[in-house]
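Biologist: I'd like a close look at one part of this protein, the packed interior, and then whatever hangs off it. Could you walk me through it in one go?

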Amino acid sequence: MTDKHIYLDHSATTYIKPQVFEEMLPYLQMHYGNPSSIYAMSRVTEKAVEQAREKVAAALNADKGEIFFTGGGSEADNWALKGAAFAHKKKGNHIITTQIEHHAILHTCQFLEKNGFEVTYLPVDAEGFVDLDALQRAITDKTILVSVMFANNEIGTIEPIKEIGRICRERKVLFHTDAVQAVGHIPIDVKDMNIDLLSLAAHKFYGPKGVGALYIRKGVKIENLIHGGGQEKGKRAGTENIAGIVGLGKALELAVKEMPEENKRLVHLRDKLIAGLTGIPHTKLNGPAGDKRAPGNVNVCFEFIEGESMLLLLDHKGVAASSGSACTSGSLDPSHVLLAIGLPHEIAHGSLRLSLGSATTEQDVDYVLQVLPDIVQRLRDMSPLWKNYLEKKKVDSYAV
């Protein structure tokens, strides 16, 4: 083992920045009053919640009254889909999404299919983009909701959200976007982009886990997901997670402020890493290159090897990363995203996602580029697929 610790899994979660933790701390120890009460201690926490709401609204160019706090991104996704579906079922029962959504969307859609709704799962192209013409054709007079993620969590594809929103607005269909991987990293304007519903999670942009938000455009009808008290204007029951909400607001405020310079830095590191990794023979970049890719996302497939073994050897070298391979998900299949962009099983099993963040340095990237080629070669030397490839290549060369 090594004493190095290089964290390259920021798409999975991030640490809490010190400024965020400092802002949260008083609401864990001193200001613990229930915001629903009327005494002074509670007025302090109520004010803190509303200030955080204003920060989230400002980051999205939304109105303060359109932001509703949740227990995380998955809850926000569930609420958006179930809430919209059940609120509009008299109009129709058809929902459109894509084959590369997060499971918080896909599993919710499967639940809705069991409850009388029909779902169209749009295919994507080889880089993960939705076909706008296919979306147009899929909308019927029974379509009530379209849900397309803003940026893919695995391959970093940034979808044409504004154009999708325009189509939905013209066809009078609600548009939801799972923006969990985008908020705090990509500029978002819900008004300009024609977004009706948007999900976000604090722990993706250096805030705490267990807190998120759902943007609900004014005038959009949506059923409650959690029933009980009258919190969040009667739309989401449960005593508010004050410290978490405060942390979310502060983290997003910082992320938006730092975004222009931080994204330049991340894009430089991302592209350097992609260039180095794709220089390894039989390596494929998954997702688009350039400005249509999330700033900190790198996803590649190494042919003839299996992803979990690569992760274990990287961990031994002090590098934390992730893979869409079978063993990391407990499934016999590789990532549904990689299959959806057309990769065969045997290649998709050799995937590696490296997601960069604020703590990532040029030295970290150099270190990965130093150790990873040897790891790949070591695994290929043990692989029967690699041996078969070399034998075939040898036979082919004799034939020539």
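Modeller: Let's start with the cysteines: the structure holds 0 disulfides. Keep in mind that this is a predicted model. Take Cys109: its sulfur is 14 Å from the closest cysteine sulfur, which belongs to Cys168, and that is too far for a bond. A disulfide would need the two sulfur atoms within 2.5 Å. Cys109 is buried, with a relative accessible area of 0%, and Cys301 also counts as buried, at 0% relative accessibility.

Now for the interior itself. The largest nonpolar core has 66 residues, and those touching the most other members are Leu60, Phe150, Ile188, Ile195 and Leu198. Helix 8 gives the most to this core, with 9 residues. There is also a second, separate core of 29 residues, and Leu269, Ile274, Ile280 and Ile375 are among its members.

Ile188 is a good place to stand and look around. Leaving out neighbours within four places in sequence, Ile188 is in contact with Leu60, Phe150, Ile195 and Leu198, among others. The rest of that contact list includes Ala59, Asn61, Ala179, Ala182, Val183 and Met193.

Tyr215 gives you another view of this neighbourhood. Tyr215 sits in strand 8, residues 212-216, and is buried because its relative accessible area is 2%, where the cut-off for buried is under 20%. Beyond four places in sequence, Tyr215 touches Leu60, Ile195 and Leu198, along with others including Ala62, Glu66, Ile67, Val190, Asp196 and Leu197. For a sense of distance, take Phe302, which is 87 residues from Tyr215 along the chain: the C-alpha atoms of Tyr215 and Phe302 are separated by 39 Å.

Two loop residues are worth a look for their backbone angles. Asn61, one of the residues Ile188 contacts, lies in the loop between helix 3 (40-60) and strand 2 (67-70). The phi of Asn61 is near 55°, a positive value in a residue other than glycine. Tyr206 lies in the loop between strand 7 (197-201) and strand 8, and its phi is near 70°, again positive in a residue other than glycine. Most residues other than glycine have a negative phi. As for burial, Asn61 counts as partly exposed, at 36% relative accessibility, while Tyr206 is buried, with a relative accessible area of 8%.

Back to helix 8, since it gives the most to the largest core. Helix 8 covers residues 242-277, and a straight helix of 36 residues would span 52 Å at 1.5 Å a residue, yet helix 8 spans only 43 Å between its end C-alpha atoms. If you trace it on screen, look at Met259: helix 8 bends there by about 65°, and a proline, Pro260, follows within four residues.

Last stop, a charged side chain: Arg353, in strand 12 (residues 351-355). Arg353 counts as buried because its relative accessibility is 10%. What does the side chain of Arg353 reach at 2.6 Å? That partner is the backbone oxygen of Asn153. Arg353 has plenty of other residues to touch too, again not counting those up to four places away in sequence: Leu8, Asp9, Ser11 and Ala12 are among them, and so are Glu154, Asn297, Val298, Asn299, Ala321 and Ser322.

Technical notes: Residues numbered from 1 in each chain as written. Predicted model: local features only at pLDDT ≥ 70, side-chain atom pairs only at ≥ 80, totals over all residues. Heavy atoms only, no water. Expected span 1.5 Å × (residues − 1). Bend = angle between axes of the 7 residues up to and from the residue. Core = buried A, V, L, I, M, F, W, Y, C linked by side-chain atoms within 4.5 Å. Buried < 20%, exposed > 50% of the residue type's maximum accessible area, 1.4 Å probe, protein only. Contact = heavy atoms within 4.5 Å. Polar contact = N/O pair within 3.5 Å; in protein donor to acceptor, adjacent residues only side chain to side chain.
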